[in-house]
There are 2 protein chains.
Amino acid sequence: MHKSTFTVEDVVHLLGVTPRTLHYYEEMGLLEPACRTNGGHRLYDDASLERIRRVLRLKDDMGSSLQEIKLILDAEQALDQLRALYRSDLSETQRDRVLDESIGLMEGMLERVERKLSRLSTLRESIVERLTRARTLRTSMTPIEQPVVKQADES
Amino acid sequence: MHKSTFTVEDVVHLLGVTPRTLHYYEEMGLLEPACRTNGGHRLYDDASLERIRRVLRLKDDMGSSLQEIKLILDAEQALDQLRALYRSDLSETQRDRVLDESIGLMEGMLERVERKLSRLSTLRESIVERLTRARTLRTSMTPIEQPVVKQADES
DNA sequence: ACTAAAACGTACGTTGACGTCAAGTATTGT
DNA sequence: ACAATACTTGACGTCAACGTACGTTTTAGT
């Protein structure tokens, strides 16, 4: 591993968020810095980055509130901990209760994602239809076939 | 046609929005009632319903702001009017300017929808992966195949 | 004609997700 | 050592998208 600790500024540049956003996520209980310096400056690690990325994805792509996101991420974290302590001191019923809760939450999430996918798909269809109808309205001659615009940047 | 005018309460029940939402959309310039009663009560028609549905879809599914939505819907409406006045008094260049602007906007929208679709798709994949991994963590015996939960309510 | 329910306009309140300042401490490059 | 940044906590500000309350009409049902 190269260097697995990131200062606030690092995160800001890497993920395009503001310091305030990191603080706010921390207030929400969504995020803890991996550690602090003697002086109290926050230090994040790769796991933090992954967590933040997941928050942003759920927020931007699914439009979930930070509260919902907290539930999901907590469930995922609980799973990771279960995996870590595979031979844990918890009873099996205890384990399974945690597991079922997390699994249920993720199943619900999956449903919502798929509903959204299908609705977005029909939305796309309607836009495509409108677009083609609009294009046929043009002064008939469209000499150059509109090339499909390809791009994959992420501002 | 059955009856093509709807009161506020009708719309509220049909689309699950509140009166305040309708008023707000009207303030934004997003929506105009088809007409009013003598006393000033709003009356909507099928076109209104379609417009409101489109607003809700763009908002919920794409997460667009009402400002963006206004741009899109105005462009679409301009197209519809062009279609209506096919032999309009506008010059061809005039017409094409309007057309190009609308088309450009809708192409941009289409791109955004497709970007979101692909990102949601990968999000789904990651959830599915986590889910299967979580399921293998269970106390091995899951005698009943988890039946796919089907539901289509909208609270 | 009359009453209850619904709608009106106006205006102020709320909530989530941050932005923005301020005053003081930490860290870093030279 | 020291200036220039960067970070800290705290507090207040902001903006979109409504919610809510109010006193006043309008409409619908009997």
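## Salt bridges within and between chains

Let's start where two chains meet: B:E76 and A:R130 form a salt bridge through their side chains, with an N to O distance of 3.2 Å. Helix α4 of chain B, residues 66–84, supplies B:E76, while A:R130 comes from helix α5 of chain A, so this pair joins two chains. Keep in mind that this is a predicted model.

How do the two partners sit with respect to solvent, buried or partly exposed? B:E76 has a relative accessibility of 7% and counts as buried, because the cut-off for that label is under 20%. A:R130 comes out at 21%, which makes this arginine partly exposed.

Now stay in chain B and move to helix α3, which spans residues 46–62 and holds both B:R57 and B:D61. The side chains of these two residues meet in a salt bridge as well, at 3.9 Å from N to O. They're 4 residues apart, or about one turn of the helix. Here too the partners get separate labels: B:R57 is partly exposed at 32% relative accessibility, whereas B:D61 is buried, with a relative accessible area of 1%.

Next up is a pair that links two helices of chain B. B:R112 and B:E68 make a salt bridge with their side chains, 3.2 Å from N to O. What does this bridge tie together? B:R112 belongs to helix α5 of chain B (residues 92–137) and B:E68 to helix α4 of that chain, so the bridge connects parts that lie 44 residues apart in sequence. As for accessibility, B:R112 is partly exposed at 30%, and B:E68, also partly exposed, has a relative accessible area of 30%.

Salt bridges can also be chained together through shared partners, and in chain A that's how A:E26, A:R36 and A:R42 end up in one network. Stepping back, how many salt bridges turn up over all chains? Searching the whole structure gives 30.

Let's finish with a residue in helix α5 of chain A, the helix that runs over residues 92–137 and includes A:S102. This serine is buried, with a relative accessible area of 3%. Which residues does A:S102 touch, once neighbours within four places in sequence are set aside? The contacts are with A:A75, A:A78 and A:L79. If you go back to the opening pair from here, you'll find A:R130 in helix α5 of chain A too, but that arginine is partly exposed.

How values were computed. Residues are numbered from 1 along each chain as its sequence is written. Chains are lettered from A and ligands numbered from 1 in the order in which they are written. This is a predicted model: local features need pLDDT of at least 70, side-chain atom pairs count only at pLDDT 80 or more; totals for chains, interfaces and linings use all residues. Side-chain values use heavy atoms; hydrogens and water are left out. Buried means under 20% relative accessible area, exposed over 50%, partly exposed in between (1.4 Å probe, protein chains only). Contact means heavy atoms within 4.5 Å. A salt bridge is a side-chain nitrogen of Lys or Arg within 4 Å of a carboxyl oxygen of Asp or Glu.
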